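Please open the structure in your viewer and keep the selection panel at hand. The tour below proceeds stop by stop, saying what to select and what is found there.

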Amino acid sequence: MHLCDQFTTTCTNTNGSFKCDCLPGYEPSVYLNDTCLDLNECLDANACDALGPNSTCFNTIGSFMCGCRAGYVLNTAGVCEEVMECASFGMVNSVLENLLKKVLETGHVEAHEYQATLDSLLATGVPQFNIVPVNSSVTQLFGGINDTFFNIMRSFLPCDFASKCVVGSPSYSCQCMEGYQGDGFSCLDVNECTSYLDICDPYAAHC
Ligand SMILES: [Ca+2]
């Protein structure tokens, strides 16, 4: 005797027989009669529109869930909102990257190159943070080369330059990159050559 699956269907009595209708969240199988399979609601690109354009959809068996993309959190209005601090940090870092490369390669940057970078920083529209301490990798890399530029640049960074901004809720955190030590707001280069760890061959190499 054939019965309808109690978890995915509802059974309806018909004249001399019965039929299995899919429960909400399920759809009829293309291959098997009277069988219902999970409906993937996430195939509908608008399934999570209620949470705004930065939402994401998770399919589950018999249902689905909506959440926010990485870098976004649900705000009090129920819409996915950018975690501004880290997004800003990413923008500022990408603007500074080219200038940083130039400094590291040549130790010298033309005045017009500073100006171009400052213009780009201002164009990001990023609010200024002003929390990166003087004693940080920013000083190591840029300090003394151009003091005006250095001070303006410091005010743009939510974390130290040599750190990663980690999205969190309700706020963000800063973590020093590999090779740097500190609390994330101040990350200083670790000089592996002066550490007690013997990383080079004492006879065949020098660090
Ligand atoms: Ca589903």
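How many of the six residues of strand S1 (residues 9–14) are buried? The count is zero, and S1 is hardly covered; here a residue is called buried if 20 or more other C-beta atoms lie within 10 Å of its own, exposed if 12 or fewer, and partly exposed in between, with C-beta atoms placed from the backbone. Before going on, please note that this is a predicted model, in which local features need pLDDT of at least 70 and side-chain atom pairs count only at pLDDT 80 or more, while totals for chains, interfaces and linings use all residues. Residues are numbered from 1 along each chain as its sequence is written.

**The whole chain**

Colour the protein by secondary structure, and four helices and 12 strands should appear, where helices (H or I, at least four residues) and strands (E, at least two) are DSSP runs numbered from the N terminus. Of the 207 residues of the protein, 21% count as buried.

**Two hairpins**

Select S1 again together with strand S2 (residues 17–22), which pairs with S1 in the antiparallel sense over six bridges; two strands are said to pair if DSSP finds at least two bridges between them. Within this pair, cysteine 11 has cysteine 20 in S2 as its bridge partner. Two residues lie between the strands of this hairpin, where glycine 16 takes a positive phi near 85 degrees.

Next select strand S5 (residues 55–60) and strand S6 (residues 63–68), an antiparallel pair with six bridges. Threonine 60 has serine 63 in S6 as its bridge partner. S5 and S6 form a hairpin with two residues between them, and glycine 62 in the turn has a positive phi of about 85 degrees.

**The loop between S3 and S4**

Now select aspartate 34, found in the loop between strand S3 (26–28) and strand S4 (36–38). Its phi is near 55 degrees, a positive value in a residue other than glycine. Most residues other than glycine have a negative phi. Aspartate 34 is partly exposed because it has 17 other C-beta atoms within 10 Å.

Threonine 35 lies in the loop between S3 and S4 as well, and it counts as partly exposed because it has 16 C-beta neighbours inside 10 Å. If you add cysteine 20 to the selection, the C-alpha atoms of threonine 35 and cysteine 20 are separated by 7.5 Å, although the two residues are 15 residues apart along the chain.

**The cores**

Select Phe89, Val92, Leu157, Cys159, Ala162 and Cys165, the residues with the most contacts inside the largest nonpolar core, which has 17 residues. A nonpolar core is a set of buried Ala, Val, Leu, Ile, Met, Phe, Trp, Tyr and Cys residues joined through C-beta atoms within 7 Å. Helix H1 (84–106) and strand S10 (172–176) are the elements that give two or more residues to this core, and H1 gives the most, with six residues. A second, separate core of five residues includes Leu51, Cys68, Tyr72 and Cys80.

For the last stop, select tyrosine 72, found in strand S7 (residues 72–74). Tyrosine 72 is buried because 21 other C-beta atoms lie within 10 Å. Add glutamate 82, which is 10 residues from tyrosine 72 in sequence and 4.4 Å from it in space, C-alpha to C-alpha.
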